[in-house]
Amino acid sequence: MNFNLTSEQKLIKQTASDFAREELKKGAVNRDKNKIWPKEQISKMGDLGFMGMMVKEKWGGSGLDTVSYCIAMEEISKVDASAGVVMSVNNSLVCYLLNNYGSPFIKEKYLSPLASGNKLGAFSLSEPQSGSDASNMKTFAKVDGKNYILNGTKNWVTNGINCDYVIVFAFTDKEVGHKGISCFIVDKAYDGFSVGKPEDKLGIRSSDTCELYFDNVKIPQENLIGKEGDGFKIALSTLDGGRIGIASQALGIAQASLDASIAYSKDRVQFNKPISANQGIQFKLADMAMEIEAARLLIYKAALTKDENKDYGHIASMAKVYASEVAMRASTQCVQIHGGYGYIKETGVERLMRDAKITQIYEGTSEIQRVVIARELLKR
Ligand code: COS
């Protein structure tokens, strides 16, 4: 077992960290406050090869391993978790899915521009009545000659407003349960496709989240991904990888919380000494560091297991549930250590606490992750 990063992974960490400090940091508080999508910054992340990190260079990507992706996600999310989720969705939900299940036509036409960062993707599975119970969808795609006609509503779609293409899951046969769900790539320019208002969220406020509406949208047959009926398995297997990305986002938030807590506690003087001289503060810092290190190891294990093509879904779930809970605890303690200054927007740390919360909810709630983990334990 080797705990060292390769020289390539160290370079990625440095590049992502420099970019986050130089390009993402300024304006992050303002973008969060005013819900401003980081357009320029996402475009630069594309130039750096961060939008299709695990896709082969042949298809416009960077051809890197999953650990490299986790490292970059952590560094970006440390500074701006909203930019982190835009990156995560494009990489692990959209590019991964197209790379694994797309036809050569789909790879050429859609994956290449998405992986190179020239276009942006979104992933739409949930609907107003179906979240954790993902197969309980109403969206339907009816065959019509060489096309499908798509009708329905999707919600909680990250990148829905700013994307160019959307992965959509829809029933093509309602009689056979989840085996009747199919997966499509849909161009936002198609007639009948419209976008709802941006959701006004607690956290990750500069990323966009919205509903999508499909009103008799005509989709060419070649935009079907995999075969008819493969959609549910494509969705769940893609979410396995997505959860490693969200775990890394949570890790970034947790690490930023610890870094800010160390800096502030050394600086803040009360009763004639820095508050870091108090064991009450030291124990908080020690607990944060210990949990963050454990989360990082779990995330890297999930990433390595994925790259070894072994079953990794339950490890990805462990990584996500643990890292997201660590992020919530670390960011809450960070605000506590900052006292009143932690509670105002200007200081920037209350954003960490608000951003952490969603990592326990999206791409499968902490409760669903525990279902996945327990199922794996009980089948042995
Ligand atoms: N990868 C591939 N296939 C999978 C899978 C995975 N990770 N997990 C389950 N499957 C397969 C099963 O093998 C089963 O196939 P068969 O019918 O051929 O045996 C099929 O998918 C259905 O599985 P299951 O009956 O277990 O599905 P459930 O509806 O009970 O769902 C959970 C299982 C709850 C784990 C799943 O629905 C889930 O992850 N829900 C959360 C969804 C989510 O993350 N939503 C947020 C989306 S972000 S927009």
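**Exercise 1. Find the residue in β3 that is the bridge partner of D144, then work out how β2 and β3 are connected.**

Solution. Keep in mind that we're working on a predicted model.
- Start at D144: its bridge partner in β3 is N147.
- Now zoom out to the strands. β2 covers residues 140-144, and β3 covers residues 147-158. They pair in the antiparallel sense, with five bridges between them.
- Last, look at the link. Two residues sit between β2 and β3, and the two strands form a hairpin. G145, in the turn, has a positive phi of about 60°.

**Exercise 2. Work out which strands pair with β7, and in what sense.**

Solution. Take the partners of β7 (residues 209-220) one by one.
- β3 goes with β7 through nine bridges, and the two run antiparallel. To pin down the register, note that N147 stands opposite P220, while I149 has K218 as its bridge partner.
- β6 is a short stretch of numbering to check, residues 193-195. Three bridges join β6 to β7, again antiparallel. Here V195 stands opposite L212 in β7.
- Put the pieces together: N147 turns up twice, as the partner of D144 and opposite P220 in β7.

**Exercise 3. Describe what the interface between domain 2 and domain 3 is made of.**

Solution. First get the bounds straight: the protein splits into domain 1 (7-119), domain 2 (122-229) and domain 3 (232-377).
- Distance: the C-alpha centres of domain 2 and domain 3 are 30 Å apart.
- Contacts: 15 residues of domain 2 touch 13 residues of domain 3.
- Area: about 1200 Å² is buried between domain 2 and domain 3, and carbon and sulfur atoms give 77% of that.
- Residue types: on the side of domain 2 that touches domain 3, you'll count nine nonpolar residues, five polar and one charged.
- Polar links: two residue pairs are in polar contact between domain 2 and domain 3, both at pLDDT 80 or more. As for salt bridges, the rule finds zero across this interface.

**Exercise 4. Say how many salt bridges the structure holds, and explain how E75 and K78 sit relative to each other in their helix.**

Solution. The tally for the structure is 21 salt bridges.
- Side chains of opposite charge can pair when their charged atoms come close.
- One such pair is E75 with K78, where the closest N and O atoms are 3.2 Å apart. That falls within the 4 Å cut-off.
- Both residues belong to helix α4 (residues 66-79). They are three residues apart there, so about one helical turn separates E75 from K78.

How values were computed
Residues numbered from 1 in each chain as written. Predicted model: local features only at pLDDT ≥ 70, side-chain atom pairs only at ≥ 80, totals over all residues. Heavy atoms only, no water. Pairing = 2+ DSSP bridges. Helix = DSSP H or I, 4+ residues; strand = E, 2+ residues; numbered from the N terminus. Domains from an automatic or database assignment. Contact = heavy atoms within 4.5 Å. Buried area = accessible area lost by both parts, 1.4 Å probe. Salt bridge = Lys/Arg side-chain N within 4 Å of Asp/Glu carboxyl O. Polar contact = N/O pair within 3.5 Å; in protein donor to acceptor, adjacent residues only side chain to side chain. Nonpolar A, V, L, I, M, F, W, Y, C, P; charged D, E, K, R; others polar.
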